[in-house]
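Thanks for coming, everyone. Please have the sequence and the model open, and follow along as I talk.

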Amino acid sequence: MEMIRLLAKGVTDQEQLLNCARGKVIKKKDQLVKALDGTLQTYHHTQLQMLLEDYDHVQKQVDFLDKSITEIITEHYTQAFECLDSISGIGVKSAETIISEAGKDMSRFPTADHFTAWCGIAPGNNESAGKRKNTSIKKGNSYLRVAIVGAAWAAVRMKDSYWHALFDKLRKRMKAQKAIVAVARRLLKVVYNTLETLTIYKEKGIAHFVDLQAKTALYHNSKLRWPQNNID
């Protein structure tokens, strides 16, 4: 943006423009030199200035709305916001979206499954021989769905987390997009329970996931052995 603003003012000194490089772009100066090799006419400067005026105007509106949202949350939803912010993958923006779309009162949803259905990521009933034929996302609250799926992606990128381990397991039998929807569904249930009880979420890590898998395997093995044991 600093480069664009200088270009809009008619600055052509390459060194001055290159000094605006920040972060990872600093290591790509050779590519920047090529990108800055060109000629801007007077009408180009005018177009850039007009576009920057539009950008700055919109940015001021965004800043005003962000400030208003922060004030509303501070006044009415502080505890709910802090609880949501403690959940793996959920940051400020996703927490704000969840509150704005679903509120903090979960009593209008009888169960967590009703909540996920309202969001549009509840599991379907189209199964045969234990295999689900259709796992497509259904209609629901699109704003909340986008927020929770984005949060799910952030959660599975956290190494040594329960969500990372869950995603790895699901990826072995389905595509990444379907796996992330399954993770988002479970994450949304955590959101429901967190808002219902207004408690801080504590990440239990991979050890918790491994423990759950072991208990599930033990349960299924005991069911398989039960008929034989009963005969004995």
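**Rings, core and two loops**

Let's start with one residue. Trp-163 is buried, at a relative accessible area of 2%. Keep in mind that this is a predicted model.

Who is the ring partner of Trp-163? It is Tyr-162. The two ring centres are 5.1 Å apart and the planes stand at 85°, so this pair is edge-to-face. Angles over 60 degrees get that name. Tyr-162 is buried too, at 11% relative accessibility.

Now the wider count. The structure holds six aromatic pairs. Another of them joins Trp-153 and Phe-167. That pair is also edge-to-face, with 5.7 Å from centre to centre and 65° between the planes. Where do these two residues sit? Trp-153 is in helix H8 and Phe-167 is in helix H9, so the pair ties together parts that are 14 residues apart in sequence. Buried or exposed? Phe-167 is buried, with a relative accessible area of 11%. Trp-153 has 24% relative accessibility and counts as partly exposed. The cut-off for buried is under 20%.

There is a cluster as well. Ring pairs link Phe-109, Phe-115, Trp-118 and Tyr-192.

Next, the core. In soluble globular proteins, nonpolar side chains tend to be buried together. Here the largest nonpolar core has 43 residues. Which residues have the most contacts inside it? They are Leu-84, Ile-90, Phe-115, Ile-148, Trp-163 and Val-191. So Trp-163, our starting point, is back on the list. Several helices feed this core. H5, H6, H7, H8, H9 and H10 each give two or more residues. The largest share, twelve residues, comes from H10.

Apart from this core lies another one, of nine residues. Among them are Met-3, Val-11, Cys-20 and Leu-32.

Now zoom in on Phe-115, from both the cluster and the core list. What does Phe-115 touch, leaving out residues up to four places away in sequence? The answer is Ala-102, Met-106, Phe-109, Leu-144, Leu-188, Val-191 and Tyr-192.

On to a helix pair. Two packed helices are described by the angle between their axes and the distance between the axes. Take H5, residues 78-85, and H10, residues 176-197. They pack at an angle of about 145°, and their axes are 10 Å apart. The crossing of H5 past H10 is right-handed. Which residues meet there? From H5 come Ala-80, Cys-83 and Leu-84, and from H10 come Val-191, Thr-194 and Leu-195. By class, that contact has five nonpolar residues, one polar and no charged ones. Leu-84 and Val-191 should sound familiar: both were on the core list.

Last, the backbone. Most residues other than glycine have a negative phi. Two residues here have a positive one. Asp-160 has phi near 65°. Where is Asp-160? It lies in the loop between H8 and H9. At 59% relative accessibility, Asp-160 counts as exposed. Leu-198 has phi near 50°. That residue lies in the loop between H10 and helix H11, which spans 205-231. Leu-198 counts as partly exposed, at 33% relative accessibility.

To recap, look at H10 once more. H10 packs with H5 and gives the core its largest share. Then find Trp-163 again, buried at 2% and paired with Tyr-162.

Methods. Residues are numbered from 1 along each chain as its sequence is written. This is a predicted model: local features need pLDDT of at least 70, side-chain atom pairs count only at pLDDT 80 or more; totals for chains, interfaces and linings use all residues. Side-chain values use heavy atoms; hydrogens and water are left out. Axes are lines fitted to C-alpha atoms, for helices over the stretch in contact, and angles run from 0 to 180 degrees between N-to-C directions. Helices (H or I, at least four residues) and strands (E, at least two) are DSSP runs, numbered from the N terminus. A crossing is left-handed if the near helix is turned anticlockwise from the far one by less than a right angle, and right-handed if clockwise. Contact means heavy atoms within 4.5 Å. Ala, Val, Leu, Ile, Met, Phe, Trp, Tyr, Cys and Pro count as nonpolar, Asp, Glu, Lys and Arg as charged, and the others, Gly among them, as polar. A nonpolar core is a set of buried Ala, Val, Leu, Ile, Met, Phe, Trp, Tyr and Cys residues joined through side-chain atoms within 4.5 Å. Buried means under 20% relative accessible area, exposed over 50%, partly exposed in between (1.4 Å probe, protein chains only). Rings of Phe, Tyr and Trp (its six-membered ring) pair if their centres lie within 6.5 Å; planes under 30 degrees apart count as stacked, over 60 as edge-to-face and the rest as tilted.
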